[in-house]
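Please go through the structure below with me. I would like short answers that show the reasoning.

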Amino acid sequence: MDDVGHSRRNVVEVDLVMKMVHNLFKAWSGSRKKLNIGVISPYTAQVLAIKGKLGRRYNDFEDFEVKVKSVDGFQEREEDIIVISTSSALSMDFWQQANIN
């Protein structure tokens, strides 16, 4: 876990979030339904790290959308799936134990 200014970033958790989004993409692929995924983090540095890693990877898919924002950025919005990135070592241990494939 890194402290960037007054914000936190956990690059291992960024990789886990990316894996989760990719698994959701694989499960959605071939579907004719629209899927909106929201990734929320309370830390600006974590939001920027996830956005940086995500890049424009899924921009060419009209019905598969991933939005990465802070907690305030998702107020009064609804998404089909929400992934919460807390940037803590505890959450990292939880996901590693969950053995996400």
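The turns below cover the fold, helix α1 and Gln 46.

This is a predicted model, in which local features need pLDDT of at least 70, side-chain atom pairs count only at pLDDT 80 or more, and totals for chains, interfaces and linings use all residues. Residues are numbered from 1 along each chain as its sequence is written, and side-chain values use heavy atoms, without hydrogens and water.

Me: In what order do the elements of the protein chain run?
Reply: Helices (H or I, at least four residues) and strands (E, at least two) are DSSP runs, numbered from the N terminus. The chain has 3 helices and 5 strands. From the N terminus on, the order is β-β-α-β-α-β-β-α.

Me: How far apart are the end C-alpha atoms of helix α1?
Reply: The expected span of a helix is 1.5 Å times one less than its number of residues. Helix α1 (residues 11-28) has 18 residues, so it should span 26 Å. The distance in the model agrees with that, at 26 Å.

Me: Is Gln 46 buried or exposed?
Reply: Buried means under 20% relative accessible area, exposed over 50%, and partly exposed in between (1.4 Å probe, protein chains only). Gln 46, found in helix α2 (residues 44-54), has 0% relative accessibility, and therefore counts as buried.

Me: Which backbone nitrogen lies 2.7 Å from a polar atom of the side chain of Gln 46?
Reply: Contact means heavy atoms within 4.5 Å. Leaving aside neighbours within four places in sequence, Gln 46 is in contact with residues including Arg 8, Glu 13, Ser 85 and Asn 10. The backbone nitrogen at 2.7 Å is that of Asn 10.

Terms used. Polar contact = N/O pair within 3.5 Å; in protein donor to acceptor, adjacent residues only side chain to side chain.
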